[in-house]
Each structure stands twice: as C-alpha cells, then as structure tokens.
Amino acid sequence: MAQRHPRFHPFRATPGRTLPIAVAALCVVALAPSASAAARHDRYTPGSEGVGDAYFPLEGNGGYDARNYSLDLTYDPQYDQLDGVVTMTARATQDLSSFDLDLSGMDVRRVKVDKHKADYKRRGQELVITPRKGLRKGATFTTVITYGGVPQTIVGSPIVFGSPYGFLHTPDGAFVGDEPNGASTWFPVNDHPSDKATYDFTITVPKGLTVVANGLPDGRRDESATFSRRAAATAASTFKWRERYPMASYLATIDIGKWDVKQGKSPGGINNYTAVDPVLLADQPDAVNFFFDTTSEATDLWSKLFGKYAFETTGAIGDDARYNGEPLGFSLETQSKPVYSAVRNTSTIAHELAHQWFGDAVSPQRWKDVWLNESFATFAQWYWSEKHGGATVHDQARTTYNSRPFPDPAGRPFWSVVTADPQRDTMFNQRVYSGGGMALEFLREKIGDDRFFTLLSTWYAQHKYGNGNTEQFTALAQKVSGQDLTQFFKDWLYSPIKPDLPQG
C-alpha cells in the first residue's frame, strides 16, 4: 500500500521559569493532588489505536462511538487540492484522556474538542488527539479538525490486485471508491465498518462542476470562494448532501465533475438519483436512462426479495474514471449510489445494488466477514441472470464448481482461500465471491426456498443499520432451518479444500 509519510506535529512545550529550589519544593507540596483527585485523574486512559481487526490492526479506534461526521470541504481540481473542516460528533465509551482518528497523508492545521484547542500529534496513520480535559464515559463531544492537502490514491495494493482506489483524481474532478481502507486518505475518520455514523456534506468546487455524494441533495448555492492555491477568490458552487442513515466509512463518496443527472422514482416508489459523465454518452447515448432504469428495476426486485429498501434514495454514479490515462476497471458499492468507472452490464449493476442490503445496510463486523457482502451479492447477481433468461442459480453454482480444479493451479488460489476468513491480501479472492455464492445456493437447496429466503430477509431485518458476523449468520441459519448445519458450514465456509458437490 502506497502512503505518504504524514507530517508530524510535536506538542509545543510551554516555556518555564527557573525558581529558587526552596520555593519550587514548597509549590510541589502545596499543589500535590489529593488521593481522591489522583484516582479520578488515573481513571482517564487513552483510547486504543485500533479496534482489533486482525486484517487491519490500525483501522478504527477505541474509546468512542462516532455518531455524525460533518464534512465542509473545498476541492480545486486544477491543483488537486482538498481543504476542509471535519466535525465529528461522538460519544465516549470509556473515560478518555486521548483518542485517535485515522488520517493518511494530508496536513492537519488545527484541532478543537468541545470548542477548546486540543493538542495533537501524528503517528503513521494515527491522528492522536489530547483534549484539554478528560472526556467522561457516556459524554457526547465534538471534535473539529482543520486540514488540507492532496489526497493520495492508493496504488499497488495486493488487496485489490494492484488496482488504484480511494480518492481518484479525474480530468474534471474526483471519483471516490474507498473499500476497504481509502476513506482516511481524504478525511479524518474512525475508519472501520464497525463504527457507523450519519454524514453531512458541504462541498465547494469551481463553478461549472457538480458534486454528487451519499444520500439526498440538501441545497446548492453559487458564490465566489477562496481556494487555497489561487491568488484570488473565484466563482464557485457549493453543494450540500446528507446521509441520515448510519453508514460505514468505506461507503462514503464525493464525486466531482460534470454530470448528466436524472432524478425520479422507481416503479416501486423509491427515489432514484442517477448521474453520468457526459463523456460516456459518446459511446452509449442512452447511458443515463440505462443506469436509471436498471437501477430502478434491481432496487425494486431486491426490495421484494430481501426486505424494504433501507435508505432515502437509490441511484448510480457513472464516470469516465481513469488513472494515469488508463481506464479503471472496477465498480463499487457506496451507500445509496454505487460508483461505476464506465458503463457496466445489468448484472454488475444488480450485484452492486444487492450490496445496499448486504454490505451497506448490514455491514461486516470484521473484515474477515466480507463474504457476508460479496457472496450474497454474487448470489443475487446469479438470481438476476436467471430472472432475465440466463442459466439458473443451480446451474451457475455447479458450473463454477466444475470450472475450479483442485488442488489450485500455481498462482491461482481459490479452494485454498477460506471463505469465512480469507486473509487480508486475498479478501477479494473469487472464493469469497463465487465460492460463497455456491455455498449460499447449496444452502438454499439443503433447507428449501422458503426457509432460505426467510433466512436472508430475517438476517437483513435483524442487523439493518448495524453489523453482523459469520457466527451470527450461521446460528440464525440453524435456527430458521431447524437443521444441524455444522458440517455444511465447516465444508463450505471454513474448509481450504474442495468439498464434495451436493447431489441434486
């Protein structure tokens, strides 16, 4: 993973004066705290610098629960410069003497906690903040970070097969896809899906550009604005967006550029906000309607199959996204509007929208649980294909099974990757996608359609707006099915070998 080395901000020492020894000794005695005061002070301890995720030990932070992020940002594509003020409202979950936020690169200029200047220092990706006084467990507090810089795209990571991700600088703006750990490259955040929060965005850009973000638009104004690397104020537009349902940080996005926008409702009555880069229309003039219509159809289908849609809007963001001139080859779920780096086929759109249920509304408790995102979206993609005249899910699962030899060919791991614990650098391996998709189809055949779809809708209902893990899902499957599924899950979720194909 390529990261900039952050600038370190040492604490400023307060100059002291030399006192006569006797006077100094007297002051030490007079100012010594009582035993009870010392005990009260000792109970305040630093929050941990990670949440204990084995794949990303430093992602997320302990000691508090983020409730809301307000991002007030200015972005100047001419210089790739992002400046901003991020306000985090959080609740302390312990008596805190200090706490961390995740921030890779960027330059921090000032930090305040509850309106008072706070000390801070940088340690790798950790922004360590020491408030003026300790924060009591249960107290709600606000942290305001003023910062700026050029967000650095993550490149060369084996996690996503070397593909660039995070904050991607485009010819007319930016295209943001954060999964799994890109959010902290452009704003300070508790960067782990286990700590969801609501988001408010206020983004200022040069006039002529538009900003699309999570949730619903919440206003726009045109005015002059100051961009930090320009000599004078210039014409600008400010866009407000709000995501008022809890969101994991890896699902946050701000996409800046020129867009053809279509707003409306799906046949099922769900808001749809679709934005497409006009460049894409040269090769596919109907791209806006294609994205809008496919998004509406898929969102309505999943609402009937999995449960009522969880958010205020569905949608799509289709960009002509490139890195060093080369087209990016990915699509990615972001909450309420997946991002697509080009025009994609309908089954890809269906896959990304299934993530609104599995990944977004219900997010993984730990990154090892990522199959709860990708396997479920793969099963949904197969189901979509069957409903549109393609092979049945039954046949697609068996075709996948038969196409994968065992042992794995050199350099092509599949069966050796454990679906429910795939390891960090192979967490997006095909075993997690189609391997887990097979597991779900074979589970469906084992317990029957009624119980299987009851399982999925119950899982969604129980964990919506929160998180879930593998152990919780397998326990629920046993309860809903009334069967002992221990060996089944051992074979299909925890085994690094090729299980026998179920009969049928």
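## A strand pair in the sheet

Let's start with two strands: E3 (residues 81-92) and E9 (residues 140-149) run antiparallel and are joined by 10 bridges. To find one spot on that pairing, look at Met88, whose bridge partner in E9 is Thr143. Keep in mind that this is a predicted model.

Zoom out and E3 and E9 turn out to belong to an open sheet of 8 strands, ordered E6-E5-E9-E3-E2-E12-E15-E14, with mixed pairing. Its edges are strand E6 (116-117) and strand E14 (216-225), each of which pairs on one side only.

## The annotated domain

Further along the chain, the UniProt record (an unreviewed entry) carries the annotation "domain: Peptidase M1 membrane alanine aminopeptidase" for residues 341-492. Over residues 341-492 the chain is 59% helix and 4% strand. The C-alpha atoms at the two ends of that stretch sit 33 Å apart.

## Two helices that pack together

Now for a helix pair. Two packed helices are described by the angle between their axes and the distance between the axes. For helix H6 (residues 393-403) and helix H7 (residues 430-447), the angle is about 135 degrees and the axes are 9 Å apart. H6 and H7 are therefore oblique to each other, and H6 passes H7 in a left-handed crossing.

Which residues in H6 and H7 meet? On the H6 side they are Val393, His394, Ala397, Arg398, Thr400 and Tyr401, and on the H7 side Ser434, Met438, Glu441, Phe442, Arg444 and Glu445. Sorted by type, the residues of this H6 and H7 contact come out as 5 nonpolar, 3 polar and 4 charged.

Terms used: Residues are numbered from 1 along each chain as its sequence is written. This is a predicted model: local features need pLDDT of at least 70, side-chain atom pairs count only at pLDDT 80 or more; totals for chains, interfaces and linings use all residues. Side-chain values use heavy atoms; hydrogens and water are left out. Axes are lines fitted to C-alpha atoms, for helices over the stretch in contact, and angles run from 0 to 180 degrees between N-to-C directions. Angles under 35 degrees count as roughly parallel, over 145 as roughly antiparallel, 65 to 115 as roughly perpendicular and the rest as oblique. A crossing is left-handed if the near helix is turned anticlockwise from the far one by less than a right angle, and right-handed if clockwise. Contact means heavy atoms within 4.5 Å. Ala, Val, Leu, Ile, Met, Phe, Trp, Tyr, Cys and Pro count as nonpolar, Asp, Glu, Lys and Arg as charged, and the others, Gly among them, as polar. Two strands pair if DSSP finds at least two bridges between them. UniProt positions are given in the numbering used here, feature names are shortened, and annotations may be inferred rather than shown by experiment.
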